[in-house]
Amino acid sequence: MGIESQWIWMDGEMVPFEKATTHVLSHTLHYGLGAFEGIRAYAQPDGRAGVWRLDEHLDRLLGSMAVLRQPVGFSLDEIREACLEVLRVNDFTSAYLRPLIFLGHGEMGLGARSNKVHVAIAAWKWGAYLGAEGMQRGVHLRTSSFTRNHPNAAMPRAKVVGHYVNSILARYEANDDGYDEALMLDHTGMVAEGTGENIFVVEGSKVLTPPATNILPGITRRTLMELIERDPELTLCVQPFGRDALYMADEAFMVGTAAEVTPIALLDKRKVGGGSRGPVTERLQKLYLDAVAGRVDWMSHHITVA
């Protein structure tokens, strides 16, 4: 699937896709100082587009820019309406939204402060991030030789453009070695996350996930935690654990806006559980996909209809 659409919102105006460009000397292109979000809209039972947890994504977007000490000339309300308008003008009922805040050209150098801060919002149709087959059969991971960014070097709660070089190098390494994705450890050797996904491990009735100290605490992670806490058969445990927890687990899965809920079938040439999607993962995956599509009443308040 391509990333094309008819219109992209840029600094308050709808711009044709092919004209939504920026200068080669844009500061963010050189130094990575900017923030973005990945947000999904799903077709609802009435046929309209419903955006999942939109305000939470936008709150994190503006919070990321606050971490970077950069002012944004648009409010959350204005960016929210722009996201919905992008879906409407492109006639999308199901799509991936990409708000991006970046610094344009002007001053060059690490101390530049006067460059204009731009806001752009694009949308495109995007299927299963790790493949439709991976959603059913599970994906294969290797533990990366790259360590996840230290919290005092790159603040993990902020979704910063430049942070993702760490993820890209780990993903390239895993793919070149024949794996679908990478499992990243933190500076202490504990499990952190994937290159763009949070991790859950199933041990009997317990479901483990790392604490939000060495990871980007994802919004899909938050949703799965709510689903697990509501399940009378499961107990959520937020705690550190090593990669051997996955080797010995009954099941494991990755979650993210792009990845949704993707089973982990194998890590480092070892089967995880039975080596395929397990029953707990399958149940949570179905419930999540029902929720985002407007079929779970108690979670419908997370949906903003375009």
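Start by selecting Arg69: with a relative accessible area of 64%, this residue is exposed. You will find Arg69 in the loop between α2 (54-67) and α3 (76-89). Keep in mind as you go that you are looking at a predicted model. Look at the backbone here as well, since Arg69 has a positive phi of about 60 degrees although it is not a glycine. Most residues other than glycine have a negative phi.

Now follow the chain to Asp91, in the loop between α3 and β6 (95-103). Here too the residue is not a glycine, yet phi is positive, at about 60 degrees. Is Asp91 buried or exposed? Asp91 is exposed, and its relative accessible area is 65%.

**Zoom out to the whole chain**

Switch to a cartoon view and you can trace eight helices and 17 strands. Turn the model along its principal axes, where the C-alpha trace spans about 55 × 45 × 30 Å. The radius of gyration is 19 Å, which agrees with the value near 19 Å for a compact globule of 306 residues. If you colour by accessibility, buried residues make up 52% of the 306 residues. Among contacts with a separation of 6 or more, 70% are between residues 24 or more positions apart.

Next, try a surface view. The chain exposes about 13900 Å², and carbon and sulfur atoms supply 52% of that area. Colouring by charge brings up 30 positive and 37 negative side chains, and the centres of the two sets lie 2 Å apart.

**Visit the salt bridges**

How many salt bridges does a search of the whole structure find? The search finds 21, and a few make good stops.

Select Glu181 and Arg171 first. Their side chains meet in a salt bridge, at 3.7 Å from N to O. Glu181 belongs to strand β9 (residues 181-185) and Arg171 to helix α5 (residues 164-176), so this pair ties together parts that are ten residues apart in sequence. Glu181 counts as buried, because its relative accessibility is 0% and the cut-off is under 20%.

Move on to Asp231 and Arg283, whose side chains form a salt bridge at 2.9 Å, N to O. Asp231 is in the loop between α6 (219-230) and β13 (235-238), while Arg283 is in helix α8 (residues 279-292), so the bridge ties together parts that are 52 residues apart in sequence. Compare how the two partners are covered: Asp231 counts as buried at 12% relative accessibility, and Arg283 is partly exposed at 32%.

The next pair to pick is Asp268 and Arg243. The closest N and O atoms of this salt bridge are 3.9 Å apart. Here the link is between distant parts of the chain, 25 residues apart: Asp268 is in the loop between β15 (260-267) and β16 (270-271), and Arg243 is in the loop between β13 and α7 (244-247). Asp268 counts as buried at 17% relative accessibility, whereas Arg243 is partly exposed at 36%.

For a last stop on this theme, select Arg53, Glu56, Arg222 and Glu226 together. These four are linked in a network of salt bridges.

**Two threonines in loops**

Go to Thr195, in the loop between β10 (191-193) and β11 (198-203). Thr195 counts as buried, at 6% relative accessibility. Which residues is Thr195 in contact with, leaving aside its neighbours within four places in sequence? Show Arg148, Tyr164, Ser167, Ala170, Arg171, Glu181, Ala182 and Met184 to see them. Two of these names, Arg171 and Glu181, you know from the salt bridge they form with each other. If you add Ile215 to the selection, its C-alpha is 10 Å from that of Thr195, with their positions 20 residues apart in sequence.

Finish at Thr147, in the loop between β8 (139-143) and α5. This threonine is partly exposed, with a relative accessible area of 39%. Draw a distance from its C-alpha to that of Leu185: the two are separated by 5.6 Å, although the residues are 38 apart along the chain. Besides its neighbours within four places in sequence, Thr147 is in contact with Asn166, Met184, Leu185, Asp186 and His187. Met184 is a contact of Thr147, and Met184 is also in contact with Thr195.

How values were computed. Residues are numbered from 1 along each chain as its sequence is written. This is a predicted model: local features need pLDDT of at least 70, side-chain atom pairs count only at pLDDT 80 or more; totals for chains, interfaces and linings use all residues. Side-chain values use heavy atoms; hydrogens and water are left out. Helices (H or I, at least four residues) and strands (E, at least two) are DSSP runs, numbered from the N terminus. Buried means under 20% relative accessible area, exposed over 50%, partly exposed in between (1.4 Å probe, protein chains only). The radius of gyration is taken over C-alpha atoms; the globule rule is 2.2 Å times the number of residues to the power 0.38. Contact means heavy atoms within 4.5 Å. Accessible areas come from the Shrake-Rupley method with a 1.4 Å probe; for residues, only the protein chains shown count as cover. Lys and Arg count as positive and Asp and Glu as negative; His and the chain ends are not counted. The place of a charge is taken as NZ of Lys, CZ of Arg, CG of Asp or CD of Glu.
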